[in-house]
Amino acid sequence: MATTASDRKLLVDGAWIATGAWVEIVSPYDGSTVARVAKAGGAEARAAVEAAERAMRTPLPAHKRAEILVRVAGALGRRADEAARLVSAEAGKPLKAARVEVARAMSTYTMAAVEARKLAGEMVPMDASQSGEGKLAFTQRLPIGVVGAISPFNFPLNLVAHKLAPALAAGCAVVLKPASQTPLSALLLAELETDAGLPAGWVNVLVGGASEIGDVLVEDERVKLLTFTGSADVGWSLRERAPRKRVNLELGNATPVIVEPDADVDDAATRCAANAFSFAGQSCISVQRIFVHEDVYDAFRESFVPKVEALVVGDPADEETDVGPLVRPEDRDRVLAWIDEARDAGATILTGGRLEGELLLPTVVERPPPDSKLSCDEAFGPVCTLDSYATLDEALDHAKMARPHG
Ligand code: NAP
């Protein structure tokens, strides 16, 4: 098949490569094709690890790493609108949230540039023991080695920045596998790093079969650190399979909020409405379970529900939209099934609980049973629950009831 302007290649060892196979990136909003990205497998993953290991044999001094990081922050600023539209198109994230994400990514690169210049060791107080008297000792911070990075779909720019920028600050080359749904923002960042003067092999981006690429990152001994952000099951299984590597996991949870009787109820309702439904609840810190003291429960509910109903639901490319689609139709159907399960078990749907067109409306579920999925598991969708409590201890018990994830 011929390549087109919206075909994106992979970055391995400083070269943009096609592989003959493609991953199609489809808009979560209307199913249209956003782009095609070359599809990698185990062979490309091994070549990328090889390139990263080779690149690190010629260390980059801190001042060069910091300069590259600053240049990327600047380039992101100049291309902020393009970056936000890319995030919005591939993730279905409302443009206003995508613009916030771009600003966060700029700040991630800026802070990494600061850290790159501060990686000092420390003096060891040798005279603390008799045998050390008269001796000098110090520690140095050295790059751990090649970093294998796996990122999720929900912050396709800033969570990739969270992996690439600190790794470069620390002097480590990276092999990155972004989420298959959202590789375009990752490829943009790799392009900006390359344009900023990063030599070949320091950043490599592979899109394709998760387990095929993941297996190489887990099994190849040249990868010294794995950094994973995503769901709990995948994260914990990666850690179990890589006992000899440093493995950093950032996982999910079913975020609880407790509203005490002395709270500014209206302010709490405004904040909960914004933070339960931003990016349709597809954030690891999305407010999911709200527990309100019984003295202010009715007042909170009366303030909260209209604020949820005032959120603008629609096309993520529209500047006014607050809540867009879930990333895949299967995820929307799963969340709807969880809402139905709570309703069938006696919960009240205060608003939402149904589709409008293809979109799941922001939904508030009152008093779901404690063993329902909405009470126990991460919904990762535009739904939150509301319940009252009498004492803070009771509220904390409720809050801790969700199944442990991360
Ligand atoms: P996910 O399904 O676990 O995917 C995350 C990444 O892991 C993707 O790149 C995915 O690749 C890859 N992956 C899947 N199976 C793999 C395997 N067997 N080996 C290696 N890699 C594998 O998570 P998601 O749906 O993208 O993201 C949502 C989750 O991320 C939620 O639980 C959320 O709470 C969590 N999250 C946490 C944070 C935090 O900072 N704590 C931030 C954001 C999100 P494919 O896309 O190719 O399947």
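The largest pocket in this predicted model has a volume of about 1,000 Å³. Its lining comprises 43 residues. Phe-153, Gly-230, Ser-231, Val-234 and Arg-328 lie nearest the centre of the pocket. Five elements are listed as giving two or more residues to this lining: strands β4 and β11 (223–229), with helices α7 (210–219), α8 (232–241) and α11 (329–344). The most is given by α8, with 6 residues. By class, 18 of the lining residues are nonpolar, 15 are polar and 10 are charged.

Strand β4 links the pocket to a sheet, since β4 appears in the lining and also in an open sheet of 3 strands. The strand order in this sheet is β1-β5-β4. Pairing within the sheet is mixed. The edges are formed by β1 (7–8) and β4 (22–26), each of which pairs on one side only.

Strand β5 spans residues 33–38. Its pairing with β1 is parallel and runs over 2 bridges. At one position, Asp-7 has Arg-36 of β5 as its bridge partner.

A helix also packs on this sheet. Helix α6, residues 184–195, lies across β1, β4 and β5. Relative to β5, helix α6 runs at about 60°.

Taken together, β4 is an edge strand of the sheet, is crossed by α6, and gives two or more residues to the lining of the largest pocket.

Terms used
Residues numbered from 1 in each chain as written. Predicted model: local features only at pLDDT ≥ 70, side-chain atom pairs only at ≥ 80, totals over all residues. Heavy atoms only, no water. Pairing = 2+ DSSP bridges. Helix = DSSP H or I, 4+ residues; strand = E, 2+ residues; numbered from the N terminus. Contact = heavy atoms within 4.5 Å. Axes fitted to C-alpha atoms, helices over the stretch in contact; angles between N-to-C directions. 1 Å grid on protein atoms, 1.4 Å probe; cavity = no way out; pocket = protein on both sides within 12 Å on 5 of 7 lines; lining within 4 Å. Points joined across faces, edges and corners; volume = space filled by probe spheres on them. Nonpolar A, V, L, I, M, F, W, Y, C, P; charged D, E, K, R; others polar.
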